[in-house]
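Student: I would like to learn how to read the features of a structure like this one. Could you walk me through it?

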Amino acid sequence: MAYSAACADTGADCPGSFTVETKGELVEHLNIHLAESHPGVEMTSDEVEQIIKVV
Ligand SMILES: [Zn+2]
């Protein structure tokens, strides 16, 4: 089991996607990605929850 999220699911025109083993790690990756690629964009934890898929 892994956790996956695609940046495009936020509505962003971005090919970024992540698949990692834990939800905590995924949230960390998303936050790093947002800071690097989408400065100024913030996601609430609810919004993050909505794009996380268990794969
Ligand atoms: Zn992105």
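Student: Which arrangement do the 4 donor atoms around the zinc ion make?

Tutor: Start from the general idea: ideal angles at a metal are 109.5 degrees for four tetrahedral donors. In this predicted model, the angles subtended by the 4 donor atoms around the zinc ion run from 104 to 112 degrees, so the arrangement is tetrahedral.

Student: Which residues are the protein donors of the zinc ion?

Tutor: Two cysteines and two histidines: C7 and C14 each donate through SG, while H33 and H38 donate through NE2. These atoms lie 2.0 to 2.2 Å from the zinc ion. Along the sequence, the donor residues follow the spacing C-x6-C-x18-H-x4-H.

Student: What does the pair C7 and H38 tie together?

Tutor: Look at where each residue sits. C7 belongs to the loop between β1 and β2, and H38 to the loop between α1 and α2 (45–51), so the pair links parts that are 31 residues apart in sequence.

Student: Are C7 and H38 buried or exposed?

Tutor: Here the cut-off helps: a residue counts as buried under 20% relative accessible area. C7 has 3% and is therefore buried. H38 is at 17% relative accessibility, so H38 counts as buried too.

Student: Now the sheet, please. In what order do the 3 strands come?

Tutor: The general idea is that strands of a sheet pair through backbone hydrogen bonds, either parallel or antiparallel. Here the order is β2-β1-β3, in an open sheet with antiparallel pairing. β2 (17–20) and β3 (53–54) are at the edges with a single partner strand each, so one side of each has no neighbour in the sheet.

Student: How many bridges join β1 to β2, and over how many does β1 pair with β3?

Tutor: β1 and β2 are joined by 4 bridges, and β1 (residues 3–6) pairs with β3 over 2 bridges. Y3 is a handy residue to follow: Y3 stands opposite V20 in β2 and opposite V54 in β3. For S4, the bridge partner in β3 is K53.

Student: Which residues of β1 are buried on its two faces?

Tutor: Y3 and A5 are buried on one side, S4 and A6 on the other, and both faces of β1 are covered.

Student: Where does helix α1 lie?

Tutor: α1 (residues 23–37) lies across β1 and β2, and runs at about 155 degrees to β2.

Notes. Residues numbered from 1 in each chain as written. Predicted model: local features only at pLDDT ≥ 70, side-chain atom pairs only at ≥ 80, totals over all residues. Heavy atoms only, no water. Pairing = 2+ DSSP bridges. Contact = heavy atoms within 4.5 Å. Axes fitted to C-alpha atoms, helices over the stretch in contact; angles between N-to-C directions. Donors = N, O, S within 2.8 Å, 3.2 Å for Na, K, Ca; no water. Tetrahedral: all angles 85-135°; square planar, octahedral: opposite > 155°, others 65-115°. Buried < 20%, exposed > 50% of the residue type's maximum accessible area, 1.4 Å probe, protein only.
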